[in-house]
Amino acid sequence: MPDDHEQIVVRRRKLDALREQGVNPYPNDFRPDHTAEEVQARFGPLAAEHLATAPSVAVGGRVVALRDFGKAGFLQLQEGDSRIQVHARQDRLAAAAFEVYRLLDLGDVIGVAGRPFRTRTGELTLEASELRILAKALHPLPEKWHGLQDVETRYRQRYLDLIVNPDVRRIFSIRSRVIRSVREFLEQHGFVEVETPIMQPLAGGAAARPFITHHNALDVDLYLRIAPELYLKRLVVGGLERVFEINRNFRNEGIDATHVPEFTMLELYQAYATYEDLMTLTEQLLVGLAERLAGGTRLVFRGQELDLAPPWPRRTVLDLVAVATGVPPDRLLDPATIHGVAEKAGAIERAGMAPGELLMAVFDQLVEPTLVQPTFVTQFPVEVSPLARRNERDPRFVDRFELIVGRTELANAFSELTDPDDQRARFEEQLRARAAGDVEAHAMDEDYVRALEHGLPPTAGEGIGIDRLVMLLTGAASIREVILFPQLRPETTT
């Protein structure tokens, strides 16, 4: 990196020169009265003759272009997603301010005051009457024409990514609007936002390996939350009948295009509702978000054209696997049959898997990768759904759905198991699975069973991945594109 090193040396010399001239290169007493966007909106529509009487305005921003002609020059200031051109002339600036201008580099943050006018080419420009350095940049910006393209650098130095890549700023602006819109939607439907513990004595509410920490004062191990589910359902027991939380979850798992160890989820619970009610609610929420933030229900996601226009099809796990394998649905839970199907599909993860587990392993292997358009996949085996209500007609399955969009699971919901005796038995079965080697099996939660013994109203609950939802609405190919600071391997130095 010799070029960067040489530029850093030059920039530090300019920093020293500023200080020698009595200029503080990092002050905090400049107050802009306009943003660049406001200047463009206010004065952009005006003709040149009308700008002659325009007032002086003060803006701050980062220098992203610089053309110096000796006694004058043009700067491009970037502030947020907007830019404004600045004209600096020796005969219009105080001597000290012009010396500051002569010591500027790309990337410096400056404050400018001046009147707007139009150049010969018609570009709206500020004629600087005041110019101040606000933060001297000691490292150069990425090369102008190629920008910042190295993925590793983009994620590690997200500040640079945001400076030079407008599409990245757009993604995170949409992310903020998604979260705000979700809150508004749920509040309009009578839900109350709550907060539940991140550090928990038991890792519950999902099948996942947790991160473990230790609380010194209590001398106990605690688990970073893998899901808020069991706490939210305790609140429904307590009478908060429509609750939601937009929460950070932590799962000690691998990293790929749709998985990271720290992610954001929406979880909601509604008393006196079923998973079918949540299908309707989910359609309304996602269609509204697409229309509001993506311009309509037709989207491109990970290279696939999608249409979110409802209604979305509803297909059972059993029927989908039957189509994929050619095995009749009534035979798929026969132990020998499903074991053979799973073995052929390469879906056996460990010895002793129950028929329902094998069925889902086959689904994950053969079916989910084929589901492009929005699809509600329903009726999951009870073995993989320890917190869901059994189906009344076929107790081998539970009343649950996953929403698959673009070959990616976006939501998971079910009618909640409210029978405390059944719940205890399910937890005990999970303990046996854990003893047999399933490290993601659920632990026994005695207090949660006790809460159910006080009476959980008929309830439906759902989790929606906020990061994946933002991917869908922005067309991002990787979950790390929609997380400001994704987890990475420690940076190596040579």
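Visitor: Which residue lies over the face of Phe380?

Guide: This is a predicted model, in which local features need pLDDT of at least 70, side-chain atom pairs count only at pLDDT 80 or more, and totals for chains, interfaces and linings use all residues. Residues are numbered from 1 along each chain as its sequence is written, and side-chain values use heavy atoms, with hydrogens and water left out. A charge sits over a ring if NZ of Lys or CZ of Arg is within 6 Å of the ring centre and within 35 degrees of the ring normal. At 4.2 Å from the ring centre of Phe380, the residue is Arg400.

Visitor: Why is the pair of Phe376 and Phe401 called edge-to-face?

Guide: Rings of Phe, Tyr and Trp (its six-membered ring) pair if their centres lie within 6.5 Å, with planes under 30 degrees apart counted as stacked, over 60 as edge-to-face and the rest as tilted. By this rule there are five aromatic pairs. The centres of Phe376 and Phe401 are 5.0 Å apart, and because their planes stand at 75°, the pair is edge-to-face.

Visitor: Which strands stand at the edges of the open sheet β7-β9-β8?

Guide: Strands (E, at least two residues) are DSSP runs numbered from the N terminus, and two strands pair if DSSP finds at least two bridges between them. Antiparallel pairing joins β8 to β9 over four bridges, and β7 to β9 over two. Each edge strand has a single partner, so one side of each is left without a neighbour in the sheet; these strands are β7 (199–200) and β8 (212–215).
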